[in-house]
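Where does this protein leave open space, and what surrounds it? Walk through the pockets of the model below, one after the other.

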Amino acid sequence: MLIERDVAITMDDGVALRADVFRPEDDERVPTLMTLGPYGKGVRYQDGYKDQWEWLVEAHPDLFEGSSRSYLAWETVDPEIWVPWGYAVMRVDSRGAGRSPGYLDLFSQRETRDYHDAIEWAGMQPWCTGKVGLCGISYYAINQWLVASLQPPHLTAMIPWEGAADAYRDRARHGGIMSNSFFELWYPLQVLSVQHGNPKGPVDPWLQERATGPEDLSEEELAANRADPRSR
């Protein structure tokens with residue numbers, strides 16, 4: 001397959017989000033399968049989620065038949081499986097996360113608009129049939145519902161797995177009881193660790209550069225460059 005790293009997708013305000021694109025080597029036009037989110041497209045599953053990876057391969061040793069397991073990232077599809085099936089696979093770092101610059105604001109109108117524009121960008125590429133599908137778990141499921149509400153013309157299908165549909169009932173107040181423990185663990189471990197400009201971010205093993213981009217931001221600059229969902 002043909003692999004393109006850090007492809008720039010320019011948004012309506014001039015900010016360029018970064019995407020990795022995996023697609024067939026021939027000239028045939030194919031539908032695109034996309035995710036956009038804050039977990040860092042350059043964080044390899046086996047490195048960033050070691051415990052979960054070890055459980056997965058022990059519990060389901062036949063799950064990756066036909067794959068070298070070389071291009072896996074958290075809660076996204078395996079391009080080595082999907083590209084031979086006749087798809088392009090796109091992973092986009094959301095604004096302010098991974099290698100995409102900008103203000104990090106989870107589940108915001110700005111992020112949803114970015115997703116819309118990324119879908120439209122993909123649908124108009126010469127290697128795409130014009131059909132874009134979405135597939136992903138949890139965060140990648142929730143923001144599928146959000147972007148679908150904008151009805152991007154090239155969005156053709158979506159598969160949201162394990163995604164909350166009601167932020168109040170499913171996230172903030174389970175059974176009416178305030179539930180903040182998940183956010184208190186998830187946000188610093190899985191989001192802030194790969195915020196764009198984090199000098200302590202992991203190394204992207206495919207680019208051999210930092211998965212959080214080339215900028216070095218101080219703790220104060222990082223804090224000023226994000227909205228904290230725990231305070232909402």
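The largest pocket holds about 600 Å³ of space in this predicted model. Its lining counts 19 residues. Start at the centre: Leu63, Thr76, Val77, Ile137 and Trp161 lie nearest to it.

Now step out to the secondary structure. Three elements give two or more residues each to this lining: helix H3 (79-82), strand E5 (128-137) and strand E6 (155-161). Of these, E5 gives the most, with three residues.

What is the make-up of the largest pocket's lining by class? It has 14 nonpolar residues, two polar ones and three charged ones.

Move on to the second largest pocket. About 310 Å³ of space lies there. It is lined by 18 residues. Closest to the centre of this pocket are Ser138, Tyr139, Ile142, Phe182 and Phe183.

Which elements supply at least two residues each to the lining of the second largest pocket? They are helix H5 (139-148), helix H6 (167-172) and helix H7 (181-191). H7 supplies the largest share, four residues.

The class count for the second largest pocket reads as follows: nine nonpolar, five polar and four charged residues.

Put the two side by side. For the largest pocket, strand E5 is the top contributor to the lining. For the second largest pocket, helix H7 takes that role. The charged residues number three in the lining of the largest pocket and four in that of the second largest.

Terms used:
Residues are numbered from 1 along each chain as its sequence is written. This is a predicted model: local features need pLDDT of at least 70, side-chain atom pairs count only at pLDDT 80 or more; totals for chains, interfaces and linings use all residues. Side-chain values use heavy atoms; hydrogens and water are left out. On a 1 Å grid over the protein atoms alone, a cavity is a set of points where a 1.4 Å probe fits but cannot get out, and a pocket is an open set with protein on both sides within 12 Å along at least five of seven lines; lining residues have an atom within 4 Å of a point. Grid points are joined across faces, edges and corners, and a volume is the space filled by probe spheres set on the points. Ala, Val, Leu, Ile, Met, Phe, Trp, Tyr, Cys and Pro count as nonpolar, Asp, Glu, Lys and Arg as charged, and the others, Gly among them, as polar.
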